Every structure is written in C-alpha cells, then in structure tokens.
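Me: Can you walk me through this model? I'd like to start with the cysteines.

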Amino acid sequence: SVIHDARQRGQTAVVAWLDFRNAFPSVPHTTITDALTWTGLDEEAIDLNNNLYDGCTTKIRTQDGTTSAIPINSGVRQGCPLSPII
C-alpha cells in the first residue's frame, strides 16, 4: 500500500526487505565482535562472548568414521539464550 500511495501522489517510496531466514548461521564471528564493540558493550562482556566462539569446531560422523575438526567461523550457537540478542 505504501508503494501504491506513493505512485498515486507522485512521490518516492523507499522499501527495504531484510532476509532473516539465514541470519543466524551467516554472521561472521568478527562481525559479532565489531557490532558488540560498536554498541558500547563492556569489554569484559565482549571477551566473554568471544570465548564462547573462539576455537569452535564441529565434526561430521559418517559411515567411515568421524571427519577432522571443521572450524566454525560464522553463525551463533543454536539453542543459546544469547543468540537472538547477539
């Protein structure tokens, strides 16, 4: 309706869509740190958060065994109460 109204009045409308579908797994950990710093969060709290993500890895279990550790450099932890806030 905003676009329709703008067209009828000869005005400009600016619309932005944000795709949050893949937001949780796609944010690099460095970006999370930068954003927390930008907001003015206490350095100790930022360090605590960084400790949660520092050295995160995962392994995949296959029929032939488990893979080597795979580094996780982006995304937030699933099920962590801080994840939606971060």
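Reply: Sure. Cys80 is buried, at 18% relative accessible area; buried means under 20%, exposed over 50% and partly exposed in between, with a 1.4 Å probe and protein chains only. Keep in mind that this is a predicted model, where local features need pLDDT of at least 70, side-chain atom pairs count only at pLDDT 80 or more, and totals for chains, interfaces and linings use all residues. Residues are numbered from 1 along each chain as its sequence is written, and side-chain values use heavy atoms, with hydrogens and water left out.

Me: And Cys56, buried or exposed?

Reply: Cys56 counts as buried, at 16% relative accessibility.

Me: How many disulfides does that leave us with?

Reply: Zero. A disulfide is a pair of cysteine sulfur atoms within 2.5 Å.

Me: Why no bond for Cys56?

Reply: Because the closest cysteine sulfur, in Cys80, is 10 Å from the sulfur of Cys56, too far for a bond.

Me: OK, surface next. Where's the negative charge gathered?

Reply: Asp42, Glu43, Glu44 and Asp47 make up a patch of negative charge on the surface. Patches take residues with over 30% relative accessible area and no salt bridge, joining like charges within 9 Å and nonpolar side chains (Val, Leu, Ile, Met, Phe, Trp, Tyr) within 5 Å. A salt bridge is a side-chain nitrogen of Lys or Arg within 4 Å of a carboxyl oxygen of Asp or Glu.

Me: Where does Asp42 sit?

Reply: In the loop between α3 (29–38) and α4 (43–53). Helices (H or I, at least four residues) and strands (E, at least two) are DSSP runs, numbered from the N terminus.

Me: Which residues form the nonpolar patch?

Reply: Leu52, Leu82, Ile85 and Ile86, with about 340 Å² of accessible area together. Leu82 is in the segment after β4 (70–71) and counts as partly exposed, at 41% relative accessibility.

Me: Is there anything to say about Ile86 and the helices?

Reply: Ala23, in helix α2 (residues 23–26), is 63 residues from Ile86 in sequence but 11 Å away in space, C-alpha to C-alpha. Ala23 counts as partly exposed, at 24% relative accessibility.

Me: Switching to the strands, what's up with Thr58 and Pro71?

Reply: They're 13 residues apart along the chain, and their C-alpha atoms are separated by 6.6 Å. Thr58 lies in strand β1 and is partly exposed, with 35% relative accessibility.

Me: And how far is Lys59 from Pro71?

Reply: The C-alpha atoms of Lys59 and Pro71 are 9.0 Å apart, with the two residues twelve apart in sequence. Lys59 is in the loop between β1 (57–58) and β2 (61–62), and its 53% relative accessibility makes Lys59 exposed.

Note on methods: Accessible areas come from the Shrake-Rupley method with a 1.4 Å probe; for residues, only the protein chains shown count as cover. Lys and Arg count as positive and Asp and Glu as negative; His and the chain ends are not counted. The place of a charge is taken as NZ of Lys, CZ of Arg, CG of Asp or CD of Glu.
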